[in-house]
Amino acid sequence: MKLAQEKLFQDLSDLSIQRDVIVGKWRAAKSKQQVNNVGISQSNVRLSRFEQLEEKANRALLEAEALEQLRKGLDVDMDGYVSPYNKSEDLECELAKLKGELN
């Protein structure tokens with residue numbers, strides 16, 4: 001009986017040591033994960049800042065290209081488009097003509 005009791009105490013001591021080792025590994029793993037998450041979040045911040053800068057550059061380029069296209073469009077003779085509307089005809093007459101064409 002005394003031998004069984006000593007065996008139980010030894011097994012209990014071994015299990016306690018194993019538990020302490022497992023808890024230590026668990027804490028080390030959690031701390032490493034936190035360090036890695038901080039590293040990842042900082043690189044994500046850098047990446048998002050880089051992406052924001054790239055987005056601003058892309059937007060500026062697109063705005064410049066749009067402005068260029070608008071300015072090229074202004075070189076087109078606008079008189080051909082505007083002259084039919086500069087006539088002194090009454091607006092109601094013009095509307096009536098358009099309605100007649102639709103029907």
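**Entry 1: Asp 11 and its partner**

I looked up the accessibility of Asp 11 in this predicted model and found a relative value of 30%, so the residue counts as partly exposed. I then searched for a charged partner. Asp 11 is joined by a salt bridge to Lys 7, with 3.4 Å between the closest N and O atoms. For Lys 7 I noted a relative accessible area of 52%, which makes this residue exposed. The cut-off for exposed is over 50%, so Lys 7 passes it whereas Asp 11 does not. Both residues belong to helix H1, where a spacing of four residues sets them about one turn of the helix apart.

**Entry 2: Glu 55 and Arg 59**

I turned next to Glu 55, which forms a salt bridge with Arg 59. I recorded 3.8 Å for the closest N and O atoms of this pair. A salt bridge requires the nitrogen to lie within 4 Å of the carboxyl oxygen, so the contact qualifies. Glu 55 and Arg 59 are also four residues apart in helix H1, about one turn of the helix. I listed Glu 55 as partly exposed at 42% relative accessible area, and Arg 59 likewise as partly exposed at 46%.

**Entry 3: Arg 19 and Asp 20**

I checked the side chains of Arg 19 and Asp 20, which meet in a salt bridge at 3.5 Å from N to O. Arg 19 has a relative accessible area of 55% and is exposed. Asp 20, at 47%, is partly exposed. With this pair I closed the list, as the structure holds three salt bridges.

**Entry 4: Burial and surface**

How many of the residues count as buried? I found 0% of the 103 residues of the protein in that class. Buried means under 20% relative accessible area, so Asp 11 at 30% lies outside that class. For the protein I noted an accessible surface of about 10,100 Å², with 59% of this area belonging to carbon and sulfur atoms.

**Entry 5: Elements and confidence**

I listed the secondary structure: the protein has three helices and zero strands, in the order α-α-α from the N terminus on. Which element has the lowest mean pLDDT? I found helix H2, residues 79-82, with a mean of 58. Helix H1, residues 2-74, has the highest mean among the elements, 83. Helix H1 is also the element that holds Lys 7 and Asp 11, as well as Glu 55 and Arg 59. For the protein as a whole I recorded a mean pLDDT of 78, with 72% of the residues reaching 70 or more.

Conventions: Residues are numbered from 1 along each chain as its sequence is written. This is a predicted model: local features need pLDDT of at least 70, side-chain atom pairs count only at pLDDT 80 or more; totals for chains, interfaces and linings use all residues. Side-chain values use heavy atoms; hydrogens and water are left out. Helices (H or I, at least four residues) and strands (E, at least two) are DSSP runs, numbered from the N terminus. Buried means under 20% relative accessible area, exposed over 50%, partly exposed in between (1.4 Å probe, protein chains only). Accessible areas come from the Shrake-Rupley method with a 1.4 Å probe; for residues, only the protein chains shown count as cover. pLDDT is the predictor's confidence in each residue, from 0 to 100.
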